[in-house]
Amino acid sequence: MNFDISDLLNSWEYQAGQIVVRRFQGKDGKEKIQLRVDLGLLQMNAFGRPDGKQPFGHESLFEHYKARLAKYEEEHEASDEGFKLDAEDCSKIQQEAIQFHHRYICLFQLKDYPGVIRDTERNIKVFDFVEQYAEARELAWAVMQLRPQLLMMQVRAKATMAQESGDHAKAIEAIQEGIDDLKAFYAKIERPELGEQSGEIQSLAAYLEEIRSTRPLTERERIEKALEEAIRREDYEKAAHYRDKLRKLNL
């Protein structure tokens, strides 16, 4: 068997600073995603656990640990008191979360926004689980530090879907909520000053301004703009006409 993938890499050029990704059907009949990196490529499944494995017979390690928790509660009168994730547990969960992190970045590039939302919501549940049960705060932080970028990607996916469907108000609302969630995250970890430096917040703020500047005006906004223009030109007859139209909108 020839293990050399040089021909494959030579036919698919790496582009520095860009996310180069493609989607295709594998020999096993499952959809695959490939990400081109400088020294080769990463391949992952488009659904389920990205590496295709089923640890301990479960769809993912996260499902395995949830099953462990359920068994623990069953043995302790429905109480989770005393259930903890040690350093090795958290490390394994983090490695799996990074797999999903790579995939939702690829999915965003492929414009599969529902897939982005699916994977980011999954990782949020993982972060919450680790935060609740990690035996030490620093272990939880090792996993939770992915949350800011995750929130940014999720918000951009939701806002882009809303914008493409013509619902600019929903897109704006999604971004504003995302910025608030990021600020709340930094406040929760007692580092609110990081919110001022956050590249994720800055990116969402720029996206928010972009949508606001390009969204179609509502009927009220069009009339108000026409009214302002009429007043500027001292065309008081037209100004009165636009004021009447605004009054009718208020009825």
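**Entry 1: the sheet**

I began with one facing pair of residues: Gln25 stands opposite Glu31 in S2. Before going further, I noted for myself that this is a predicted model.

I then looked up the strands around that pair. Strand S2 covers residues 31-37, and 6 bridges join S1 to S2. The two strands run antiparallel.

Next I followed S2 to its other partner. I found 6 bridges between S2 and S3, again with the strands running antiparallel. Ile33 is placed opposite Met44 in S3. I also checked how the chain gets from S2 to S3, and a hairpin of 2 residues makes the link.

Put together, the strands form an open sheet of 3 strands in the order S1-S2-S3, with antiparallel pairing. Which strands stand at the edges? They are S1 (20-25) and S3 (40-45). Each has a single partner strand, so one side of each is left without a neighbour in the sheet. I noted the twist as well: neighbouring strands here are turned by 25° against each other on average, ignoring direction.

A reminder I wrote in the margin: strands of a sheet pair through backbone hydrogen bonds, either parallel or antiparallel.

**Entry 2: the whole chain**

I stepped back to see what else is there. I counted 11 helices and 3 strands in the chain. Reading from the N terminus, the elements go α-β-β-β-α-α-α-α-α-α-α-α-α-α. In that order, one helix comes before the three strands, and helices follow them.

How does the radius of gyration of the chain stand against that of a compact globule of 251 residues? The globule would have a value near 18 Å, but the chain has 25 Å. I set the spans beside this: along its principal axes the C-alpha trace covers about 80 × 55 × 35 Å.

I looked up burial and contacts too. Of the 251 residues, 39% count as buried. Among the contacts with a separation of 6 or more, 53% are between residues 24 or more positions apart.

**Entry 3: helix H6**

I picked helix H6, residues 147-164, for a length check. At 1.5 Å a residue, its 18 residues should span 26 Å. The C-alpha atoms at its ends are 26 Å apart, which agrees.

Then I asked which residues of H6 are buried. The list includes Arg147, Pro148, Leu150, Leu151, Met152 and Met153. Gln154, Val155, Ala157, Ala159, Thr160 and Ala162 are also on it.

What covers these buried residues of H6? The cover includes H3, H4, helix H5 (137-144), helix H7 (168-188) and helix H9 (199-214). I also looked at what comes just after H6, and there Gly166 takes a positive phi of about 90°.

**Entry 4: Asp112**

I moved to a loop residue. Asp112 sits between helix H3 (87-109) and helix H4 (113-133). Is Asp112 buried or exposed? Its relative accessible area is 17%, and buried means under 20%, so Asp112 counts as buried.

I looked up its partners next. The side chains of Asp112 and Arg23 are joined by a polar contact of 2.9 Å. A polar atom of the Asp112 side chain also lies 3.0 Å from the backbone nitrogen of Gly115. Setting aside neighbours within four places in sequence, I found Asp112 in contact with Arg23 and Leu107.

Arg23 took me back to my first entry, where S1 spans 20-25.

**Entry 5: two positive phi values**

I wanted to see where non-glycine residues take a positive phi. Ala78 is one of them, with a phi of about 65°. Ala78 lies in the loop between H2 and H3, and with a relative accessible area of 67% it is exposed.

Glu234 is another, with a phi of about 60° although it is not a glycine. Where does Glu234 lie? Its place is the loop between helix H10 (219-232) and helix H11 (236-250). Glu234 is exposed, with a relative accessible area of 54%.

**Entry 6: Ala70**

My last stop was Ala70, which is in helix H2, residues 61-75. With a relative accessible area of 41%, Ala70 is partly exposed. I took one distance from here: Ala70 and Glu138 are 25 Å apart in space, C-alpha to C-alpha, and 68 residues apart in sequence.

Note on methods. Residues numbered from 1 in each chain as written. Predicted model: local features only at pLDDT ≥ 70, side-chain atom pairs only at ≥ 80, totals over all residues. Heavy atoms only, no water. Helix = DSSP H or I, 4+ residues; strand = E, 2+ residues; numbered from the N terminus. Buried < 20%, exposed > 50% of the residue type's maximum accessible area, 1.4 Å probe, protein only. Polar contact = N/O pair within 3.5 Å; in protein donor to acceptor, adjacent residues only side chain to side chain. Contact = heavy atoms within 4.5 Å. Expected span 1.5 Å × (residues − 1). Pairing = 2+ DSSP bridges. Axes fitted to C-alpha atoms, helices over the stretch in contact; angles between N-to-C directions. Rg over C-alpha atoms; globule rule 2.2 N^0.38 Å.
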